[in-house]
Amino acid sequence: MVFLLNVITHIMIILGIVGLIFYIAYAVHKEEAMFEKVILVISAMTGFLIYFGARALGLSIPAMMMSSVSIASPIRMTLFSILIPWSVGVAVAWYFSWCLNKHIDIAFRIVILISAFIVTLFGDVYAASYAVTAGGGIDTSLLPNLTFTVGMGLYIILNYKTR
């Protein structure tokens, strides 16, 4: 049963990453003005570069997340592995929804930038989680990614209206 839960967790995180990549590609493709397409591509590239620039400066979000799931205190683990990523997921989803409802060019560019940043972060955390051994239990190293995805998904499901 634990193996099945770990497989489902991996599938959900991979689908989240792939979904965001398709969202970025769809948003760029859907844009009619060529100059705006170029700006959206630049926004996506900037999101990737911001993440890698932070890594080059020594700010490693995966390292912080991996250390948070290895904390012995259940309260700290709950805060850093569940509540904070979930809250950030809800905040990002709220901002996405707000931007899409406002139809503001700059806000939409920021949505693409944040999406690219999140794709890079998810991929990096996912790769870093392979270095952490689960010890036969549920793979808690993926907990921050999972709770972020759940927070973002629940907000979009319960609040975003298309009609």
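**Close-up views of a six-helix chain**

Setting aside neighbours within four places in sequence, Arg55 touches Ser60, Pro62 and Asp124. This contact list opens a set of legends for a predicted model.

**View 1. Arg55 and its partners.** Our starting residue, Arg55, sits in helix α2. Arg55 has a relative accessible area of 35%, so the residue counts as partly exposed. Of its partners, Asp124 deserves a second look: the side chains of Arg55 and Asp124 are joined by a polar contact of 2.7 Å. Ser60 and Pro62 are also in contact with Arg55.

**View 2. The whole chain, for orientation.** Before going further, here is the setting. The chain contains six helices and zero strands, and its elements read α-α-α-α-α-α from the N terminus on. Of its 163 residues, 34% count as buried. The chain exposes about 9800 Å², and carbon and sulfur atoms supply 75% of that area. If we take the contacts between residues at least 6 apart in sequence, 75% of them join residues at least 24 apart.

**View 3. Confidence along the chain.** How confident is the predictor, going by the average pLDDT of the chain? The average is 77, and 75% of the residues score at least 70. Among the elements, helix α2 has the highest mean pLDDT, at 89. Helix α3, which covers residues 61–69, has the lowest, at 65. Please keep that value in mind when looking at helix α3.

**View 4. Aromatic rings around Tyr51.** The structure holds two aromatic pairs. One of them is formed by Tyr51 and Phe52, an edge-to-face pair with 5.9 Å from centre to centre and 80 degrees between the planes. Tyr51 has a relative accessibility of 2%, so Tyr51 counts as buried. Phe52, at 48% relative accessibility, counts as partly exposed. Tyr51 also pairs with Phe117: their ring centres lie 5.4 Å apart with the planes at 70 degrees, so this pair is edge-to-face. Because Tyr51 lies in helix α2 (residues 34–56) and Phe117 in helix α5 (residues 105–129), the pair ties together parts that are 66 residues apart in sequence. Phe117 has a relative accessibility of 24% and counts as partly exposed. Put together, the ring pairs link Tyr51, Phe52 and Phe117 into a cluster.

**View 5. Two buried polar residues of helix α2.** Stay with helix α2 and look at Glu36, which lies in it. Is Glu36 buried or exposed? Its relative accessible area is 8%, under the 20% cut-off, so Glu36 is buried. Apart from neighbours within four places in sequence, Glu36 is in contact with Glu31, Asp105 and Arg109. Ser43 is found in helix α2 too. With a relative accessible area of 9%, Ser43 is buried. Leaving out neighbours within four places in sequence, its contacts are Arg109, Ile112 and Leu113. Arg109 therefore turns up in the contact lists of both Glu36 and Ser43.

**View 6. The largest nonpolar core.** In soluble globular proteins, nonpolar side chains tend to be buried together. Here, the largest nonpolar core has 24 residues. Those with the most contacts inside this core are Ile24, Val92, Ile112, Ile118, Phe122, Phe148 and Met152. Which helices each supply at least two of its residues? They are α1 (2–30), α2, α4 (74–102), α5 and α6 (143–159). The largest share, nine residues, comes from α5.

**View 7. Ile24 within the core.** Ile24 is one of the residues with the most contacts inside the largest nonpolar core. Which residues does Ile24 contact, leaving aside its neighbours within four places in sequence? The list is Ala44, Ile112, Ser115, Ala116 and Val119. One of these, Ile112, is also among the core residues with the most contacts. Ile112 also appears among the contacts of Ser43.

**View 8. Ala91 and Met152.** The last view brings together two residues that are 61 residues apart along the chain. Ala91 has its place in helix α4. The relative accessible area of Ala91 is 41%, so Ala91 is partly exposed. The C-alpha atoms of Ala91 and Met152 are separated by 7.7 Å. Met152 has already appeared, as one of the residues with the most contacts inside the largest nonpolar core.

How values were computed
Residues numbered from 1 in each chain as written. Heavy atoms only, no water. Phe/Tyr/Trp six-rings, centres within 6.5 Å; stacked < 30°, edge-to-face > 60°. Buried < 20%, exposed > 50% of the residue type's maximum accessible area, 1.4 Å probe, protein only. Helix = DSSP H or I, 4+ residues; strand = E, 2+ residues; numbered from the N terminus. Core = buried A, V, L, I, M, F, W, Y, C linked by side-chain atoms within 4.5 Å. Contact = heavy atoms within 4.5 Å. Areas by Shrake-Rupley, 256 points an atom, 1.4 Å probe, with all protein chains shown as cover. pLDDT = per-residue confidence, 0-100. Polar contact = N/O pair within 3.5 Å; in protein donor to acceptor, adjacent residues only side chain to side chain.
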